[in-house]
Amino acid sequence: MSANRGLGPGGGATGGAPGSDGRGTPLAFEFEISMTPTPQRSYPQHLQRPQHYPQCSGSQVSQYPQYQQSPRPQYPAQQPQQYYQQQPYTPQNQHAHHTQQYGQPRTPSQQHHDHQAPRRPVPSQSHLQTAAPHTPGPQQHTHEHSLLLISLAESYFENAHHIGANAAAGKGNDACLYYKLMATGLACLESILLPQKGKTIQARLEALVRLRYAAVLFEETDNLREAETVLLKGIITASRNNNLLDLNFSMQHLLVRIMFQMNPKAALIQLQKYTKEAEERGNPLWAYAFRFLRCSLLLENSPSRDVQLALHSLQKIATISQRRNDMSVFMLSSLTESMISLHLGPEGIETTQRALARVNSMQLEEAVSIEIEYLRTIVDLSSALMLGRPGSEIKRKEETLTEMLRGHDIWVNWSPTGDLEVPIHPPRQGKSKEYLHFRWFAKDDVAIVGYFLSGMANFQTNAHNGQKAEKCLKEGLRRLEQPLDKNGPTPHSLPAAGARIQYRKLLRCFMLLYLAFLFAVRTDWDEAIKSLQILHDCIDRLPNRQEAPPMLEKLVLYLTGTIHQGIGDLSQALAYYQNLLNDPSEIGLVATINTVIILRGSDHCDDRRADSLLRTIERACSETKNALVKAAFCCVKGTERGELIKSKKFLATGLQMAQQLFNQQIMFVVLSFMCQRFFSGVVSEQAEKSARAAWVNSKKGRDNLWSLVSGRMLQDCLRRQGHDLDEEDQRILNGSWEAVQRNFDRPENEDGI
């Protein structure tokens, strides 16, 4: 039995993602929530400080996977007089005031939640009192002038947002125009705050402008000190007025995020005080917001990063929301806990399962949003893939996802920008529901993530299922090539658009990676090498390659080693696997398994080293929760020289697990080995059945090498039994060795590998 190819690319040892333990999975799999209590985004320095502007030669793209959310005060959309002392003047372009904040993807998928400001009900028009016409005085002129400047600023911001995607993509001079528009808008806001003799400004208006202005400085500039100063003055103003409580909390929320960039420890202490204040005031909306913010900050790459504390914060939210019967908040916090735990890899699986069990056991009194249902579906499927659950279970979960994406509700109710409203019960009866605002996947990205997960779910059955997994990944790649505004201009801030572009590029890398693995599984090495070349180019073009998940580099190493092993270049394969042998992740275990296969049956034969390597991973493979890794280990363990009974036991266990997991590759490898080990030279009906089962499964898996090996064993078995006609038919079906040999005779320095 040839050792030129053992378990191949996936070795059947992975849950849909070859060798992945979850740390490298994009999109929602790097889903660290970033919560922001106020809607909208922020922008570059105003005209007064041009030295802080980015250069016009290109747009600055937000670093992956950092999230920079900017709070946005809730400027009134239709009746500005309700907020601004009921003055008769109505500024134009008020719809811009409700532009939602863009959370920046932190990783594919995942996407993070960008928490936006809690929204209070707006007083009805019937409560407004229209003032009688009179000659405006100086104070009214000042107020109307401020409203005009606000309207102008929001108009500039809105126009800038409509070219944000093009600016981030570096199209034309859109970046320069974007900065000019934003700078002019900022100058309008700053002029409202400039002290002038005889000038007065209402407390609410001043607080709103300070919050908006500080949010812009925070997102688009490095002027954190100035933003902090502006906010502190606004907090002082709001604290003197009890009816500005929401604005006060909004500014506190933004202040914590600004402080975190300068002093994470002090920011978390201050956040604890604000959370306690919100709870003492009986304001559950802002208590939730501050707790979600704490979780977000604890997941940031900083000296204060603490995943366990972040999970504890989410568990606290779940406890409180369950007590208050805020079921949507309960589901969101529990599912977010599951997603973060998935990101931890195998050690987070138990936490993931517990959180999912809490969600699935709920008896809902009212329907939850389609976004939360979608989140539950993809977390459930991702968990099953990581655990290497039985193929029937994964197929059922994938069908649920497909049915949801084909439905009508998800596309009608999903916001184009990914805005998500989570309702909570008011603190007192008789009041309307209040809403927490989040931002998640944009509508255009929902289907792409669905194609990615469907491809992973069909990974094991791709070869004999019409290449469904390949089709899903190719369709996802096609959609990723389309621009962000393919369905019409969608407002994007420049940092948000840049981060989304970076996220999509990273997701494209993972899709190309797994597409190459799929080609390798069915021994289409030309396509696998081509995909690897494209993958290298894609990785080189990542704006911030150093911040890409470390698992991506490991998977690329493993893929390269697999391709070398598949084309018979075993020396290079061993060299690439050597870089992964000491890695404790599942990708390291599978690389070690493939190394053992090479060392046992080739010119590099070293049985002593092979046995030593197998002993080093035996405990890890037996304790892993991924059934695919266990199956691959049993397959290789059964090939050891030793007691025949133990060998049969390991091979039978590996074969049974492979059948449950729909892993065709392990099945035909084990069947071929069993035929050669137990029926070589035997003339019996059982020997023929064994050889035929190995050949049929190899053909089903579309593996040229193993089809030829098992086919020749069947041909030899028929010859020994005297079935000359059947032997001749089998010889014709086997074909010649030339097709396989051509693959092994490739140039030594094959381009791209």
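1. Two strands are taken to pair if DSSP finds at least two bridges between them. In this predicted model, strand S4 (residues 419-424) and strand S5 (residues 434-439) satisfy that criterion, being joined by six bridges in the antiparallel sense. Within this pairing, Leu420 is placed opposite Phe438 of S5. Strand S4 is also mostly covered, five of its six residues being buried.

2. As to the overall make-up of the chain, 30 helices and five strands are assigned. The chain comprises 753 residues, and 61% of them count as buried. Its accessible surface comes to about 30700 Å², and carbon and sulfur atoms contribute 49% of that area.

3. The packing of helix H17 (residues 468-480) against helix H18 (residues 494-521) deserves a separate point. Their axes come within 10 Å of each other and cross at roughly 155°. An angle over 145 degrees counts as roughly antiparallel, and H17 is therefore roughly antiparallel to H18. The crossing in which H17 passes H18 is left-handed.

4. A second helix pair is formed by helix H24 (residues 627-637) and helix H26 (residues 664-678), which pack with their axes 10 Å apart at an angle of about 15°. Since angles under 35 degrees count as roughly parallel, H24 is described as roughly parallel to H26. The handedness of the crossing between H24 and H26 is left-handed.

5. How many disulfides does the chain contain? The count comes to zero, where a disulfide requires a pair of cysteine sulfur atoms within 2.5 Å. Cys675 illustrates the point: the closest cysteine sulfur to its own belongs to Cys717 and lies 6.8 Å away, which is too far for a bond.

6. Is Cys675 buried or exposed? With a relative accessibility of 6%, Cys675 counts as buried, because the term applies under 20% relative accessible area. Cys176, with a relative accessible area of 15%, is buried as well.

7. In summary, the points a reader may wish to check against the structure are the antiparallel pairing of S4 with S5, the roughly antiparallel arrangement of H17 and H18, the roughly parallel arrangement of H24 and H26, and the count of zero disulfides.

Technical notes
Residues are numbered from 1 along each chain as its sequence is written. This is a predicted model: local features need pLDDT of at least 70, side-chain atom pairs count only at pLDDT 80 or more; totals for chains, interfaces and linings use all residues. Side-chain values use heavy atoms; hydrogens and water are left out. Buried means under 20% relative accessible area, exposed over 50%, partly exposed in between (1.4 Å probe, protein chains only). Helices (H or I, at least four residues) and strands (E, at least two) are DSSP runs, numbered from the N terminus. Accessible areas come from the Shrake-Rupley method with a 1.4 Å probe; for residues, only the protein chains shown count as cover. Axes are lines fitted to C-alpha atoms, for helices over the stretch in contact, and angles run from 0 to 180 degrees between N-to-C directions. Angles under 35 degrees count as roughly parallel, over 145 as roughly antiparallel, 65 to 115 as roughly perpendicular and the rest as oblique. A crossing is left-handed if the near helix is turned anticlockwise from the far one by less than a right angle, and right-handed if clockwise.
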